Amino acid sequence: TDQGDTWSAPVFVADERTAGTHDPVSGAAVRDGSQLPSVAVDHAGVVYLVWQDSRFSAGLRDGIALARSLDGGAHWSTPVQVNGVVGAPAFIPVVRVRDDGVIGVSYFDLRNNPATGTRLITDYWLATSTDAATWHDTHLSGPFSLADAPNAEGLFLGDYQALGASGNEFLPVFVAVTGNGGNRTDVFVALTQ
């Protein structure tokens, strides 16, 4: 409250239970930003926090967890699962709240990846909710083969994706594999309502 001169004590939100993302066939690591949460605040002051978490699969794979605080961060709800498919690894979540109160969480997942083969089929999704409990997935991009991404301590799309909003539209900004060997990934924006 004093422009950063002093700080409150830390407030516990939830245990972080990340498993990390790997190619289920080759075992190759995905550099997924699993320790980079995303936070947003709505017009009423409700704070939303999302992160990768394996609590919804008994530690087997990361899903997307969301907790919210109705009192400026002093107390937090029990985490809920945002991603639509429990059995598929999900990663790199970003949260934003539109002016009309709709909550959006963008993320990648491997739900369409077959259990065999050399491609790591990846899709990009936007989950939306009006109550932070019930979520609806919209497919935004993909499929693409994450196995063709650059390897920088893991298959790497970039762990700083963005989710903007303009009026009643979300503006997801994300990186995807292009299929072009000379420029293996590029940045894209998707318009959605």
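**Exercise 1. Strand pairing around β4**

In which sense do strand β3 and β4 pair, and over how many bridges? Establish this pairing, and then place β4 within its sheet.

*Solution.* The structure is a predicted model.

Step 1. Strand β3 (residues 38-41) pairs with β4 in the antiparallel sense, over four bridges. Two positions show the register: V39 stands opposite L49 in β4, and V41 has V47 in β4 as its bridge partner.

Step 2. The hairpin of β3 and β4 has five residues between the strands, and G45 takes a positive phi near 90° there.

Step 3. β4 also pairs with strand β5 (residues 63-69), in the antiparallel sense over seven bridges. In this pairing, V47 has S69 of β5 as its bridge partner.

Step 4. Four strands in the order β3-β4-β5-β6 form an open sheet with antiparallel pairing. β3 and β6 (80-81) stand at the edges with a single partner strand each, so one side of each is left without a neighbour in the sheet.

**Exercise 2. The two faces of β4**

Determine which residues of β4 lie on each side of the strand, and whether they are buried or exposed.

*Solution.*

Step 1. In a regular strand, side chains alternate between the two faces of the sheet.

Step 2. In β4, one side carries V47, L49, W51 and D53, and the other carries Y48, V50 and Q52.

Step 3. The residues named on both sides are all buried, and both faces of β4 are thus covered. For strand β4 (residues 47-53), this amounts to seven buried residues of seven.

**Exercise 3. Nonpolar cores and a surface patch**

Identify the residues with the most contacts inside the largest nonpolar core, and describe a nonpolar group at the surface.

*Solution.*

Step 1. In soluble globular proteins, nonpolar side chains tend to be buried together.

Step 2. The largest nonpolar core has 23 residues, and those with the most contacts inside it are F91, F108, F144, L146 and L157. β7 (90-97), β9 (121-129), β10 (136-145) and β13 each supply at least two residues of this core. β13 gives the most, with five residues.

Step 3. Beyond residues up to four places away in sequence, L146 touches V30, F91, L120, T122, L155, L157 and V177. A second, separate core has 17 residues, including L66, V105, Y107 and A132.

Step 4. At the surface, V173, V187, V189 and L191 make a nonpolar patch of about 370 Å². V173 belongs to strand β13 (residues 169-180) and counts as partly exposed, at 33% relative accessibility.

**Exercise 4. Salt bridges and the cover of their partners**

How many salt bridges does a search of the whole structure find? For three of the pairs, state whether each partner is buried or partly exposed.

*Solution.*

Step 1. The search finds five salt bridges. Side chains of opposite charge can pair when their charged atoms come close.

Step 2. R17 and D15 meet at 3.7 Å, N to O. R17 is partly exposed, with a relative accessible area of 39%, and D15 is also partly exposed, at 41%.

Step 3. R98 and D100 meet at 2.8 Å, N to O. R98 counts as buried because its relative accessibility is 9%, under the 20% cut-off. D100, at 39%, counts as partly exposed.

Step 4. R111 forms a salt bridge with D109, their closest N and O atoms being 2.6 Å apart. R111 is partly exposed at 23%, whereas D109 is buried at 0%. D109, R111 and D137 are linked in a network of salt bridges.

Key. Residues are numbered from 1 along each chain as its sequence is written. This is a predicted model: local features need pLDDT of at least 70, side-chain atom pairs count only at pLDDT 80 or more; totals for chains, interfaces and linings use all residues. Side-chain values use heavy atoms; hydrogens and water are left out. Patches are made of residues with over 30% relative accessible area and no salt bridge: like charges are joined within 9 Å, nonpolar side chains (Val, Leu, Ile, Met, Phe, Trp, Tyr) within 5 Å. Accessible areas come from the Shrake-Rupley method with a 1.4 Å probe; for residues, only the protein chains shown count as cover. A salt bridge is a side-chain nitrogen of Lys or Arg within 4 Å of a carboxyl oxygen of Asp or Glu. Buried means under 20% relative accessible area, exposed over 50%, partly exposed in between (1.4 Å probe, protein chains only). Two strands pair if DSSP finds at least two bridges between them. A nonpolar core is a set of buried Ala, Val, Leu, Ile, Met, Phe, Trp, Tyr and Cys residues joined through side-chain atoms within 4.5 Å. Contact means heavy atoms within 4.5 Å.
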